[in-house]
Amino acid sequence: MNEIPSRYSPKDTEDKWYKFWEEKNLFSAKADPAKKPFSIVIPPPNVTGILHMGHALNNTIQDILIRYHRMKGEEALWMPGTDHAGIATQNVVEKSIAKEGLKRQDLGREKFIERVWQWREQYGSTIIRQLKKIGASCDWQRTRFTMDEEYSKAVLEIFVRLYEKGLIYRGSYIINWCPRCQTALSDEEAPHRDLEGNLYYLKYPFKDNPDEFVVVATTRPETMLGDTAVAVNPKDKRYKKHIGRTLILPLVNREIKIIADSMVDMKFGTGAVKVTPAHDPNDYALGKKHNLEFVNVMYPDGRMNDLAGDYKDMDRFEAREVILEDLKEKGLLKKIEPHSLSAGHCYRCHTIIEPYLSKQWFVKMKPLAKEALEVVRKGKIKFYPKRWTKVYLNWMENIQDWCISRQIWWGHRIPVYYCKDCQSAGKEESVIVSRAKPDKCPICGSANIYQDEDVLDTWFSSWLWPFATFYWPKESADLKYFYPTSTLVTAPEIIFFWVARMIMAGLEFMGDIPFKDVYIHGTVRDIEGKKMSKSLGNIIDPLEIINEYGTDALRFSLIAITSQGQDVFLAKERFEQGRNFANKIWNASRFIMMNLDPVQTKTCLCEFSKSEDLDIINRWILSRFYSTLKQVNKALDGYKFNEAINLLYSFFWHEFCDWYLESIKAEIKEKENQVVMYKILEKFLRLIHPFMPFISEEIWQNLPHKGESIMNQALPHLQEQLIDKKAEKEADMLFSVIRSARNLRAEIEVKPEQKVLLSVYAHTKAIKKLLADNQALVIKLSNLEGLNLLEAARRPEKTISDVENKFAQVFLHFGSLIDIAKEQGKIRQEISTESKRKEAKERMMANPEFVKKADPAIVENTEREIRELEEKIKRLEKLLDELR
């Protein structure tokens with residue numbers, strides 16, 4: 001038996017065992033028809049990624065599942081990889097070359113992409129190294145990258161197949177445009193934020209009577225330069241007579257008509273709205289419907305263009321201010337009102353997006369969504385928590401076409417080619433969609449061919465992740481064995497970006513769902529509920545926590561406070577619980593090993609429990625272990641990770657350490673106790689391993705064992721015959737009496753070394769017999785000089801009592817142990833102090849303004865404190881009465 005150090009040192013343990021696991025190839029998985037597969041594909045972190053608490057939570061959950069199913073005897077594969085993260089990575093590299101005084105345009109496309117690959121080689125594996133620090137047991141030999149050559153072939157194959165099926169098309173539409181990144185964004189990439197803005201009321205004069213005006217209200221006056229109509233509702237009596245009349249657009253002097261359309265909201269502004277088809281999605285629809293001119297007045301970088309006249313080259317927001325000044329000067333700005341609005345922002349740089357008319361590539365989504373709706377409705381794919389099912393279905397039922405082209409350089413270039421000769425000859429544009437560059441134009445035979453400049457949206461490669469990682473479209477044994485995957489663990493913000501699209505892609509290209517279960521975890525927030533961010537300065541770095549507390553402490557603490565699907569409210573102090581628990585496991589294990597006879601470790605618990613007449617304490621702890629095991633398995637199978645870890649915490653700390661080890665300490669060398677305490681420890685280590693892999697491996701390696709590592713041992717087998725509810729109930733009765741004795745000692749501050757007499761009146765004959773049979777245990781754990789079992793429920797003289805015990809009335813004889821007068825004085829003082837506290841809180845609650853304005857949680861907490869103070873004062877008054 002190895003003796004382990006007196007203190008647990010994560011720094012001396014974690015890297016050692018991770019290296020051991022990797023060298024022994026213990027994370028690897030392969031197709032094995034004899035075993036049930038369990039597979040997870042990692043949500044690929046961006047290649048630019050640095051580990052944050054969201055990563056730590058997400059990947060700890062995945063690692064728990066993988067280690068748990070591996071130990072259940074399943075062939076468990078955790079497929080790792082990283083995402084090329086088009087916009088994010090290009091931004092990072094652009095910032096890097098800017099330090100050299102360069103722009104990407106200075107380098108040119110080819111040289112810039114070389115620089116991105118160089119950056120990826122240098123920094124792209126940072127997130128992988130950091131995931132290893134948190135214990136992620138991925139099959140790292142399989143690591144994929146969304147720009148790998150083979151993966152890129154899959155992306156091109158998908159584009160070609162969808163195009164050939166008529167599900168990819170090109171067209172000019174209003175899209176979300178980021179002037180900073182200068183690329184199109186999908187709706188999901190341009191989340192809306194509420195802003196406090198203004199509503200500007202502008203006067204448009206009639207052509208035939210310049211002194212007569214129509215007033216329009218707008219939040220974006222800079223776009224008026226692109227107006228091609230003013231629209232009113234045909235039912236609006238105020239404007240019926242004006243429909244068809246001509247207005248003069250101020251500042252530009254362009255003639256525009258007043259048109260009628262039922263989509264105009266008569267209650268918005270004045271009921272007359274400016275129509276800018278090239279700069280607003282609703283106006284775009286009106287423009288198409290009424291055959292209006294489309295006038296784009298901005299460059300892609302958000303500056304006003306040639307069609308903006310005098311405002312050319314001004315930034316859009318600078319132009320807004322100058323336009324308003326000019327309108328005011330001309331008497332055409334009627335008024336400005338504060339107005340709350342919602343505007344899309346770029347998900348990467350947070351710039352306010354510009355609705356922008358642009359030619360882009362799109363995927364028709366409704367045909368793909370149909371079956372993806374059905375598999376969730378029928379329960380073939382289940383969401384945990386269940387409430388996310390409704391969110392998914394609602395989005396899918398209202399799905400819009402997906403803009404997949406991006407005007408950046410880093411990414412999968414769109415596999416579309418054009419013929420320059422056809423274009424110069426004014427012929428209809430030839431669009432050639434091909435897996436490789438064609439030799440010549442199919443229309444004119446020219447070899448003067450060039451590729452589309454745009455790249456595909458990053459998510460267009462990510463939606464193939466569950467099968468492209470297995471080298472689809474090649475048919476492989478791994479793809480057949482591990483697909484569909486078992487579980488997806490992800491965050492709520494990418495249900496639409498990623499989860500829904502993976503379901504559609506899996507059904508379309510594999511003919512099957514990509515995963516069976518989707519576990520959606522919450523967002524990690526600070527203790528005040530704010531989302532962690534650099535700008536708020538409230539980030540807690542997981543690597544710093546690992547350095548200070550250890551990885552197992554990080555993992556335990558994150559999971560223990562994370563209810564299924566709920567947000568996580570985190571403070572640094574939370575990790576102390578994980579560190580303390582790791583130390584508790586270490587110290588208890590060390591105590592057991594120091595007192596363990598190695599011979600007894602070879603005993604078979606199943607046979608031993610049948611042949612030996614175990615005492616109540618050993619029957620109780622075995623029953624509690626297997627009851628806990630049963631509950632933990634159920635919790636994990638239902639994705640209730642915090643329930644599972646808190647069950648293990650409560651069992652080990654409060655039942656195994658506080659009660660069991662204390663109970664057997666004096667007789668620890670007896671065979672019965674040796675076998676049971678060792679077996680419980682060894683089985684507990686296997687059960688805790690998926691949650692706390694490092695400390696469990698370190699201790700297990702110091703125990704007598706078979707096999708290389710704890711991680712490829714089987715989980716403890718559930719032995720239902722050892723679950724003894726009668727023993728659990730009887731032990732609970734004994735512990736209840738012991739707790740009462742300990743509490744009574746504490747109330748009158750009896751010193752630990754002082755032994756006292758306890759009298760107990762049991763409520764039933766069975767309880768009395770139980771106490772009689774286990775008198776020695778009660779005396780030992782309560783530090784008594786004797787235990788007197790009463791025949792009647794009458795309080796003996798010079799005793800204080802606990803008559804609220806469910807099983808018995810418990811009386812502690814204080815005799816000459818205390819100075820009664822002094823003790824009474826202390827209690828009276830405490831009653832006075834606590835009564836004043838209670839009265840102060842009652843005055844607060846009697847104040848209607850406090851109850852009305854205070855946070856409901858504070859009101860609830862105050863009410864609870866009043867109840868607790870009432871109970872405490874009653875206990876003190878009872879104690880004072882008994883001391884008289």
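**A guided reading of the predicted model**

Of the 884 residues in the protein, 55% are buried. The model is a predicted one. Its secondary structure comprises 30 helices and 29 strands. The C-alpha trace extends over about 110 × 70 × 55 Å along its principal axes. The protein exposes about 40400 Å², and carbon and sulfur atoms account for 48% of that area. Among contacts between residues at least 6 apart in sequence, 77% bring together residues at least 24 apart.

Two helices may be examined next. Helix α7 covers residues 149–164, which is 16 residues. From its first C-alpha to its last, α7 reaches 23 Å, close to the 22 Å expected at 1.5 Å a residue. Its buried residues include the aromatic side chains of Tyr 151 and Phe 159, together with Val 155, Ile 158 and Leu 162. Glu 157 is also among the buried residues of α7. Just after this helix, Gly 166 adopts a positive phi of about 80 degrees.

Helix α19 spans residues 575–594 and contains 20 residues. The distance from its first C-alpha to its last is 29 Å, close to the expected 28 Å. Among the buried residues of α19 are Phe 575, Phe 581, Ile 585, Trp 586, Ile 592 and Met 593. Gly 578, Ala 582, Ala 588 and Ser 589 are buried in this helix as well.

Attention now turns to charged side chains. The count of salt bridges comes to 58. One of them joins Asp 63 to Arg 67, with the closest N and O atoms 2.7 Å apart. Both residues belong to helix α2 (residues 53–71), where they stand four residues apart, about one turn of the helix. Asp 63 and Arg 67 are both buried.

A second salt bridge offers another setting. Lys 312 and Asp 306 meet through their side chains at 2.8 Å, N to O. Lys 312 has a relative accessible area of 38% and is therefore partly exposed. Asp 306 counts as exposed because its relative accessibility is 52%, and the cut-off for that class is over 50%.

A third salt bridge, 3.5 Å from N to O, is formed by the side chains of Arg 619 and Asp 724. This pair links distant parts of the chain, 105 residues apart. Arg 619 lies in helix α21 (residues 616–637), whereas Asp 724 occupies the loop between α24 (693–701) and α25 (725–747). Arg 619 is partly exposed, at 30% relative accessible area, and Asp 724 is also partly exposed, at 23%. In addition, Arg 624, Glu 655, Lys 725 and Glu 728 are joined into one network by salt bridges that share partners.

Asp 452 provides a case without such a partner. This residue is located in the loop between β20 (449–451) and β21 (455–456). Asp 452 is buried yet has no salt bridge. The nearest side chain of opposite charge belongs to Arg 170, 4.4 Å away; the pair does not qualify because a salt bridge requires the nitrogen and the carboxyl oxygen to be within 4 Å. The side chain of Asp 452 does make a polar contact of 3.1 Å with that of Trp 361. Leaving aside residues up to four places away in sequence, Asp 452 touches Arg 170, Trp 361, Arg 413, Ile 414, Val 416 and Tyr 418.

Methods: Residues are numbered from 1 along each chain as its sequence is written. Side-chain values use heavy atoms; hydrogens and water are left out. Helices (H or I, at least four residues) and strands (E, at least two) are DSSP runs, numbered from the N terminus. Buried means under 20% relative accessible area, exposed over 50%, partly exposed in between (1.4 Å probe, protein chains only). Lys and Arg count as positive and Asp and Glu as negative; His and the chain ends are not counted. A polar contact is a pair of N or O atoms within 3.5 Å; within protein, one must be able to donate a hydrogen and the other to accept it, and residues adjacent in sequence count only if both atoms are side-chain atoms. Contact means heavy atoms within 4.5 Å. The expected span of a helix is 1.5 Å times one less than its number of residues. Accessible areas come from the Shrake-Rupley method with a 1.4 Å probe; for residues, only the protein chains shown count as cover.
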